[in-house]
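Dear colleague,

Please find below the sequence and structure that I am handing over to you. I would be grateful if you could read the notes beneath with the structure open.

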Amino acid sequence: MYGAILGDIIGEPYEFEQGPRSKDFPLFCERPVFTDDSLMTIAICQGILEAGVDAGEDKMKKSMIASMRRWGERHPLPAGGYGGGFARWLRSKNPEPYNSWGNGSAMRVAATGWLFDTLERTRQVARWSAEVTHNHPEGIKGAESVASVIWMARNGSPKDEIKSFVESEFNYDLSRTCDQIRPTYKFDESCQGTVPEAITAFLEGSDFEDVVRTAVSLGGDCDTLTCIAGSMAEALYPIPELLKEKCLGIITEDMRQVLVAFDQLRT
């Protein structure tokens, strides 16, 4: 999950069309911070760990819901830090899914790509992680596709096979290059307007840092797009230890504890 969190941190200064539209920028700003993307990535991971990787749908969903609400209460963010619908869901006495197709379902799903032995189980748990809030078909598709890319990449599938699978299974258009996307790409908080672009950045990148820089260069909802791209890049490329150390120095101790538990289980 380092990839997702680093992508969030590195992309955060360039959200809301403030990006360089170039891969040439300082990797970290003067005061790097994480956002709700990192918090909810950690929350979904902890929900899975607490339920147990073999848990059924009801137990897994309840654990994910409880974990996200606990992390949201523990780490309140300034106004706008959580999306409007999700912020209301966090505060609700009886949280119910709200038919969202927002990219939040895709940015928090990283752990599901690592914790299960089969692609079928990976997609199942990714779907559950979306359905507790983002139960619109596009929200579910975004989560399942990102988790699938992670699972396939870490299990040795080549990029052309991953691309073909995503196009056929999820009907995303991956025909455009990043150079073709970049000039007209705008801020878009939807899965359908973020996930294909993040996957394209992953497919074009030559190493972890290059994937992240490519994602940032596209603009758009930059922290989330780069969080998603970084989560996939980690499954294929080693993350330099210096970047991992930087990540651990920015996140909080309770987040570090979940990362340690995750690393122990996935290895």
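The notes that follow cover the pockets, the aromatic rings, the charges over rings and a few individual residues.

Please keep in mind throughout that this is a predicted model.

Pockets

The largest pocket holds about 640 Å³ of space. Its lining is made up of 31 residues, and those nearest the centre are Asp36, Gly81, Tyr82, Gly83 and Glu189. Four helices each contribute at least two residues to this lining, namely H2 (36-51), H4 (84-91), H5 (104-107) and H12 (222-234). By residue class, the lining of the largest pocket comprises ten nonpolar, 13 polar and eight charged residues.

The second largest pocket holds about 150 Å³ of space. It is lined by Val53, Trp114, Leu115, Phe116, Asp117, Thr118, Arg121, Arg154, Leu265 and Arg266. Here the division is five nonpolar, one polar and four charged.

Two residues of the second lining, Trp114 and Arg266, also meet in another way: Arg266 lies over the face of Trp114, at 4.5 Å from the ring centre. A further charge over a ring is found with Lys244, which lies over the face of Tyr2 at 5.2 Å from the ring centre.

Aromatic rings

The count of aromatic pairs comes to four. In one of them, the rings of Phe86 and Trp89 have centres 5.4 Å apart and planes at 20°; the pair is therefore stacked, as the angle is under 30 degrees. Both residues belong to helix H4, where they are three residues apart, about one turn of the helix. Phe86 and Trp89 are both buried.

Another pair joins Phe165 and Phe170, whose ring centres are 6.0 Å apart; because their planes stand at 75°, the pair is edge-to-face. Phe165 has a relative accessible area of 18% and is buried. Phe170 is likewise buried, with a relative accessible area of 4%.

Ring pairs also link Tyr82, Phe86 and Trp89 into a cluster. This ties the aromatic rings to the largest pocket, since Tyr82 is one of the residues that lie nearest the centre of that pocket, and helix H4, which holds Phe86 and Trp89, supplies at least two residues of its lining.

Individual residues

Helix H2, which also supplies residues to the lining of the largest pocket, contains Ser38. Ser38 is buried, with a relative accessible area of 0%. Its side chain is joined to that of Asp8 by a polar contact of 2.6 Å.

Two residues deserve a look for their backbone angles. Arg21 is not a glycine, yet has a positive phi of about 50°. Arg21 sits in the loop between helix H1 (2-11) and H2, and is partly exposed at a relative accessible area of 28%. Asn99, again not a glycine, has a positive phi of about 60°. Asn99 is placed in the loop between H4 and H5, and its relative accessibility of 44% makes this residue partly exposed. The helices on either side of that loop, H4 and H5, are both among those that supply residues to the lining of the largest pocket.

With kind regards

Conventions
Residues are numbered from 1 along each chain as its sequence is written. This is a predicted model: local features need pLDDT of at least 70, side-chain atom pairs count only at pLDDT 80 or more; totals for chains, interfaces and linings use all residues. Side-chain values use heavy atoms; hydrogens and water are left out. On a 1 Å grid over the protein atoms alone, a cavity is a set of points where a 1.4 Å probe fits but cannot get out, and a pocket is an open set with protein on both sides within 12 Å along at least five of seven lines; lining residues have an atom within 4 Å of a point. Grid points are joined across faces, edges and corners, and a volume is the space filled by probe spheres set on the points. Ala, Val, Leu, Ile, Met, Phe, Trp, Tyr, Cys and Pro count as nonpolar, Asp, Glu, Lys and Arg as charged, and the others, Gly among them, as polar. Rings of Phe, Tyr and Trp (its six-membered ring) pair if their centres lie within 6.5 Å; planes under 30 degrees apart count as stacked, over 60 as edge-to-face and the rest as tilted. Buried means under 20% relative accessible area, exposed over 50%, partly exposed in between (1.4 Å probe, protein chains only). A charge sits over a ring if NZ of Lys or CZ of Arg is within 6 Å of the ring centre and within 35 degrees of the ring normal. A polar contact is a pair of N or O atoms within 3.5 Å; within protein, one must be able to donate a hydrogen and the other to accept it, and residues adjacent in sequence count only if both atoms are side-chain atoms.
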